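Here's a short set of exercises to work through with the model open beside you. Try each task before you read its solution.

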Amino acid sequence: MSFTAPRRRGLHMLAALALLGASAVASAAPYAINHQGTIANSTFPEIINGQTYTVTFVFDNGGTSANSQTWSGANLTCVIWRMNNARDVSYVQNLVATPPSGLVAGSATTDASGALTGMFSSVNTLDIPLGGVPAGAYTTSGITLTPPVGWFADGAPTIFIDSEPSGGSTRRFDDAAGSGVPMNIASWSAPQRVTGACDDTPYVAPPAVTVAPVPTLGEWSLALLGLAAAGLGARRLRRRSKG
């Protein structure tokens, strides 16, 4: 049995759609982890002592699940700092365009349930005298920073600095615990799928496509249809016999 050209084209289209659907399902997904601490020793007028801050790392290793994963420093895509209880001050750095200039050590790992089992021991920039983060490598909201900027997630006391606008000493803020951003597993959230490589909005799956059911005939309708078909067949047989 051979297929006609239209049927062949239809089969090719179905195969292409199936491949497209498979590739969409298998697309890589970014994940984020988050730490919250308390601000202390701030010399930034906009960053308020005693209020909280968060630091978020986004990473993508090409996987599609948070289960049994390893994300190395090469998989980091973004760091996001948010300050004050209102989160009205923020700093965002694309780590693909401008990777951390300091020490990146260790990796983030998860078990089969997606729980964090390992954490980077250090992710930071070079201190300002050694370079820091230049202008144009980050975006801010609620604050104007004077580059270069330095940030440190490594357990050291000072966690965020910039250059004093007057050209004097650097401005800074620390973690109230006195030990900087802790890099132990318990201080960080489990990896959560997010919207983009530098967007930690929680990912929301698109709504499932629903197919309307094809109307079907009830039992009595089928019976009547069968009787009508039988009657039509009998009439045709009588006509043939008369002819």
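**Exercise 1. Salt bridges**

Find how many salt bridges the structure holds, and sort the residues in them into buried and partly exposed.

*Solution.* Keep in mind that you're looking at a predicted model. The count comes to three salt bridges.

- Step 1: Start with Asp200, which pairs with Arg82; their closest N and O atoms are 2.8 Å apart. Asp200 belongs to strand E15 (residues 199-202) and Arg82 to strand E4 (residues 76-83), so this bridge ties together parts that are 118 residues apart in sequence.
- Step 2: Check the cover on that pair. Buried means under 20% relative accessible area. Asp200 has 18%, so it counts as buried, while Arg82, with 23%, is partly exposed.
- Step 3: Move on to Asp162 and Arg171, again with 2.8 Å between the closest N and O atoms. Asp162 is buried at 0% relative accessibility, and Arg171 is buried too, at 7%.
- Step 4: Finish with Arg172 and Asp174, whose side chains meet at 2.8 Å, N to O. Arg172 is partly exposed at 31%, but Asp174 is buried at 4%.

**Exercise 2. A small sheet and a buried threonine**

In what order do the three strands E3, E7 and E8 form their open sheet, and which of them stand at the edges?

*Solution.*

- Step 1: Trace the order, which is E3-E7-E8, with antiparallel pairing.
- Step 2: Look for single partners. Strand E3 (70-71) and strand E8 (116-118) each have a single partner strand, so they stand at the edges and one side of each lacks a neighbour in the sheet.
- Step 3: Zoom in on the contact between E3 and E7 (residues 108-110): two bridges join them in the antiparallel sense. Thr70 has Thr109 of E7 as its bridge partner.

Now stay in strand E7 and pick out Thr110. Is Thr110 buried or exposed, and which backbone atoms lie by the polar atoms of its side chain?

*Solution.*

- Step 1: Thr110 has 8% relative accessibility, so it counts as buried.
- Step 2: A polar atom of the Thr110 side chain lies 2.6 Å from the backbone oxygen of Ala66. The backbone nitrogen of Gln69 is 2.9 Å from a polar atom of that side chain.
- Step 3: Widen the view to what Thr110 touches beyond four places in sequence. Among these residues are Asn67, Ser68, Trp71, Leu116, Thr117 and Pro191.

**Exercise 3. Strand E12 and its partners**

Work out how strand E12 is covered and which strands it pairs with.

*Solution.*

- Step 1: Count the buried residues. Four of the five residues of E12 are buried, so the strand is largely enclosed by the rest of the structure.
- Step 2: Take E11 as a partner: E11 and E12 pair in the antiparallel sense over three bridges. Within this pairing, Gly150 has Ile161 of E12 as its bridge partner.
- Step 3: Follow the chain between them. E11 and E12 make a hairpin with four residues in between, and Gly155 in the turn has a positive phi of about 85°.
- Step 4: Take strand E13 (residues 171-175) as another partner: four bridges join E12 to E13, and the two run antiparallel. Across this pairing, Phe160 stands opposite Phe173 in E13.

**Exercise 4. The nonpolar cores**

Which residues of the largest nonpolar core touch the most other members, and which strands each supply at least two of its residues?

*Solution.*

- Step 1: The largest nonpolar core has 38 residues, and Trp81, Trp151, Phe160 and Phe173 touch the most other members.
- Step 2: At least two core residues come from each of strand E1 (31-40), strand E2 (52-59), E4, strand E5 (89-94), strand E11 (149-153) and strand E12 (158-162).
- Step 3: Use Phe173 as a worked case. Its contacts beyond four places in sequence include Ile39, Phe44, Ile47, Tyr53, Trp81, Met83 and Phe160.
- Step 4: Don't miss the second, separate core: it has five residues, including Val58, Cys78, Ile80 and Val194.

**Exercise 5. The whole chain**

Sum up the protein's helices and strands, its burial and its contacts.

*Solution.*

- Step 1: The protein has two helices and 15 strands.
- Step 2: Of its 243 residues, 33% count as buried.
- Step 3: Of the contacts with a separation of 6 or more, 60% are between residues 24 or more positions apart.
- Step 4: The exposed area is about 13700 Å², and carbon and sulfur atoms supply 61% of it.

Methods: Residues numbered from 1 in each chain as written. Predicted model: local features only at pLDDT ≥ 70, side-chain atom pairs only at ≥ 80, totals over all residues. Heavy atoms only, no water. Pairing = 2+ DSSP bridges. Buried < 20%, exposed > 50% of the residue type's maximum accessible area, 1.4 Å probe, protein only. Polar contact = N/O pair within 3.5 Å; in protein donor to acceptor, adjacent residues only side chain to side chain. Contact = heavy atoms within 4.5 Å. Salt bridge = Lys/Arg side-chain N within 4 Å of Asp/Glu carboxyl O. Areas by Shrake-Rupley, 256 points an atom, 1.4 Å probe, with all protein chains shown as cover. Core = buried A, V, L, I, M, F, W, Y, C linked by side-chain atoms within 4.5 Å.
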